[in-house]
Amino acid sequence: MNAIGLIETKGLLPLIEATDAMAKAANVEIVRRVDIGGAYVTAVVTGDVGSVRAAVEAGCNAASQVGELVGSHIIARPAEGLAQAFFS
């Protein structure tokens with residue numbers, strides 16, 4: 001894994017749209033959905049940096065079309081153990 005991409009939305013519907021768009025836009029692996037509470041949910045993807053950037057951009061556009069995009073973030077070359085600590 002070279003990068004982690006995260007998209008957070010308010011509501012499940014925009015997250016589903018975002019995750020579908022991310023999977024279709026680039027060669028990324030969908031790692032998991034994180035339920036934060038209060039209707040906030042986050043999708044996490046991994047892959048090479050370029051693919052994750054393209055996927056997150058596509059996901060943000062898709063989420064914004066159908067609901068509320070709260071935020072997005074890309075972590076290039078995450079520290080060893082970061083993904084395992086939060087997403088396993």
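## A tour from a salt bridge to the cores

Select Asp35 and Arg33: their side chains form a salt bridge, with the closest N and O atoms 3.1 Å apart. The model is predicted, and the contact can be displayed as a distance between those two atoms. Arg33 is partly exposed, because its relative accessibility is 46%, between the 20% and 50% limits.

For the other pair, select Asp20 and Lys24. The count of salt bridges comes to 2, and here the N to O distance is 2.9 Å. Both residues belong to helix α1 and sit 4 residues apart, about one turn of the helix. How exposed are Asp20 and Lys24? Asp20 counts as partly exposed at 35% relative accessibility, whereas Lys24, at 66%, is exposed.

Keep helix α1 selected, residues 12-25, and add the strands beneath the cursor one by one. The helix lies across β1, β2, β3 and β4 and runs at about 10° to β3.

Now hide the helix and look at the sheet alone. Its 4 strands follow the order β2-β3-β1-β4, the pairing is antiparallel, and the sheet is open. Colour β2 (29-37) and β4 (68-76) to mark the edges, where each strand pairs on one side only. On average, neighbouring strands are turned by 15° against each other, direction ignored.

Inside the sheet, select residues 3-10 and 40-47. These are β1 and β3, paired in the antiparallel sense over 8 bridges. Within this pair, put a label on Ile7 and another on Ala43 of β3, which stands opposite Ile7.

Leave Ile7 labelled and go on to the largest nonpolar core. Which of its 15 residues touch the most other members? They are Ile7, Met22, Val28, Val52, Ala55 and Val56. Elements giving two or more residues to this core are β1, α1, β3 and α2 (49-66). The largest share comes from α2, with 5 residues.

Centre the view on Val52 and show its contacts. Leaving aside residues up to four places away in sequence, Val52 touches Ala3, Ile4, Gly5, Val28, Thr46, Gly47 and Ile74. Val28 is also among the core residues with the most contacts to other members.

From Ile4, move to the last stop. A second core, separate from the one just shown, has 5 residues, including Ile4, Val44, Ala83 and Phe87. Select these four to end the tour.

Notes. Residues are numbered from 1 along each chain as its sequence is written. This is a predicted model: local features need pLDDT of at least 70, side-chain atom pairs count only at pLDDT 80 or more; totals for chains, interfaces and linings use all residues. Side-chain values use heavy atoms; hydrogens and water are left out. Two strands pair if DSSP finds at least two bridges between them. Axes are lines fitted to C-alpha atoms, for helices over the stretch in contact, and angles run from 0 to 180 degrees between N-to-C directions. Contact means heavy atoms within 4.5 Å. A nonpolar core is a set of buried Ala, Val, Leu, Ile, Met, Phe, Trp, Tyr and Cys residues joined through side-chain atoms within 4.5 Å. Buried means under 20% relative accessible area, exposed over 50%, partly exposed in between (1.4 Å probe, protein chains only). A salt bridge is a side-chain nitrogen of Lys or Arg within 4 Å of a carboxyl oxygen of Asp or Glu.
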